[in-house]
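Reader: Got a minute to walk me through this one? I'd like to start with the pockets, and please tell me what you count as a pocket before you give me any volumes.

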Amino acid sequence: MTVNLKKTEVIVFRNGGPLRNTEKWTLNGVHVKVTSVYKYMGLLFTPTLSWTSAKLKLAAQSRKAINAIKRYQLPFGQFSHTYMFKLFDTMVVPILTYGAEILGHTYSKDIEKVQTDFCRYYLGVNSSVNNCMVLGECGRVPLSYIYYTKCIKYWCKLLQMSDTRYPKNVIKC
């Protein structure tokens, strides 16, 4: 196997602080560039393994899907409640909950705001209306129910794996 060093980067995971001047990364004697953010399968990894930037990126991508729904709706007028939220559940929720098995263990205001804003748009109310009222009027529950459930299901799946599986060995650390 040959490695293209022009395309190769290293990310150093640590609790904090900048890299020291003595920390140089090489492969076969050639210096390898160190990056501060790494994107793998759509998720952003940071050196401190903070998922904030990943969640912000997912929220931004889901807003693009919401804009597609709005554009699609223009020639037809306002969709019914059933169709509008079916589109939301099939086009937006999968984006918002992508990777929830590993990053869904904490509440995310940014992800919840996407659904709340969509409900506000559908109802035609402004930001001064209480979030619980907006979600309740649309018959929605917080998305945290979905991503917490995904995280718990994945954890249960990990616990049932055999001890020879790599994911099971990682949680033992």
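Author: Sure. A pocket here is an open set of grid points with protein on both sides within 12 Å along at least five of seven lines. Keep in mind that this is a predicted model.

Reader: Fine. How much space is in the largest pocket?

Author: About 430 Å³. Its lining has 13 residues, and those closest to the centre are Ile-102, Tyr-154, Leu-158, Val-170 and Ile-171.

Reader: Which helices supply at least two residues each to that lining?

Author: α4 (100–103), α7 and α8 (166–172).

Reader: And how does the lining divide into nonpolar, polar and charged?

Author: Twelve nonpolar residues, no polar ones and one charged.

Reader: OK, next pocket. What volume does the second largest have?

Author: That one holds about 190 Å³. The elements giving two or more residues to its lining are α5 (109–123) and α6.

Reader: Which element gives the most?

Author: α5, with six residues. The lining of this second largest pocket includes Tyr-107, Lys-109, Glu-112, Lys-113, Asp-117 and Arg-120. Asn-131, Leu-135 and Pro-142 are also among the lining residues.

Reader: How does that lining split between nonpolar, polar and charged?

Author: Three nonpolar, three polar and five charged.

Reader: What about closed space? How many cavities of 30 Å³ or more are there?

Author: One. The volume of the largest cavity is about 30 Å³.

Reader: Which residues line the largest cavity?

Author: Leu-96, Thr-97, Ala-100, Leu-103, Gly-104, Ile-111 and Tyr-147. By type, five of the lining residues are nonpolar, two are polar and none is charged.

Reader: Switching topic: how many salt bridges does the structure hold?

Author: Seven. The general idea is that side chains of opposite charge can pair when their charged atoms come close.

Reader: Give me one that links distant parts of the chain.

Author: Take Asp-89 and Arg-140, whose side chains meet in a salt bridge at 2.5 Å, N to O. Asp-89 is in helix α2 (residues 81–91), while Arg-140 sits in the loop between α6 (131–138) and α7 (144–160), so the partners are 51 residues apart.

Reader: Is Arg-140 buried or exposed?

Author: Buried, because its relative accessibility is 16% and the cut-off for buried is under 20%. Its partner Asp-89 is partly exposed, with a relative accessible area of 36%.

Reader: What about Lys-168, what does that pair with?

Author: Lys-168 meets Asp-163 in a salt bridge, 3.7 Å from N to O. Lys-168 counts as buried at 12% relative accessibility, whereas Asp-163 is partly exposed at 47%.

Reader: Which residues do shared salt-bridge partners join into a network?

Author: Arg-14, Arg-20 and Glu-23 are joined into one network. Within it, Arg-20 forms a salt bridge with Glu-23, and their closest N and O atoms are 3.7 Å apart. Arg-20 is exposed, with a relative accessible area of 54%.

Reader: Now the rings. How many aromatic pairs are there?

Author: Ten. One of them is Tyr-38 with Tyr-40, a stacked pair with 6.4 Å from centre to centre and 15° between the planes.

Reader: Why does that pair count as stacked?

Author: Because the planes are 15° apart, and planes under 30 degrees apart count as stacked. Both residues are partly exposed: Tyr-38 at 37% relative accessibility and Tyr-40 with a relative accessible area of 46%.

Reader: How are Tyr-72 and Phe-76 arranged?

Author: Tyr-72 and Phe-76 form a tilted pair, with 5.4 Å between centres and 50° between planes. Phe-76 counts as exposed at 55% relative accessibility.

Reader: Which residues form the aromatic cluster?

Author: Phe-85, Phe-88, Phe-118, Tyr-121 and Tyr-122 form one cluster.

Reader: And what lies over the face of Tyr-121?

Author: Lys-70, at 4.3 Å from the ring centre. So Tyr-121 belongs to the aromatic cluster and also has a lysine over its ring, given that NZ of Lys must be within 6 Å of the ring centre to count.

Terms used
Residues numbered from 1 in each chain as written. Predicted model: local features only at pLDDT ≥ 70, side-chain atom pairs only at ≥ 80, totals over all residues. Heavy atoms only, no water. Salt bridge = Lys/Arg side-chain N within 4 Å of Asp/Glu carboxyl O. Buried < 20%, exposed > 50% of the residue type's maximum accessible area, 1.4 Å probe, protein only. Helix = DSSP H or I, 4+ residues; strand = E, 2+ residues; numbered from the N terminus. 1 Å grid on protein atoms, 1.4 Å probe; cavity = no way out; pocket = protein on both sides within 12 Å on 5 of 7 lines; lining within 4 Å. Points joined across faces, edges and corners; volume = space filled by probe spheres on them. Nonpolar A, V, L, I, M, F, W, Y, C, P; charged D, E, K, R; others polar. Phe/Tyr/Trp six-rings, centres within 6.5 Å; stacked < 30°, edge-to-face > 60°. Lys NZ or Arg CZ within 6 Å of the ring centre and 35° of its normal.
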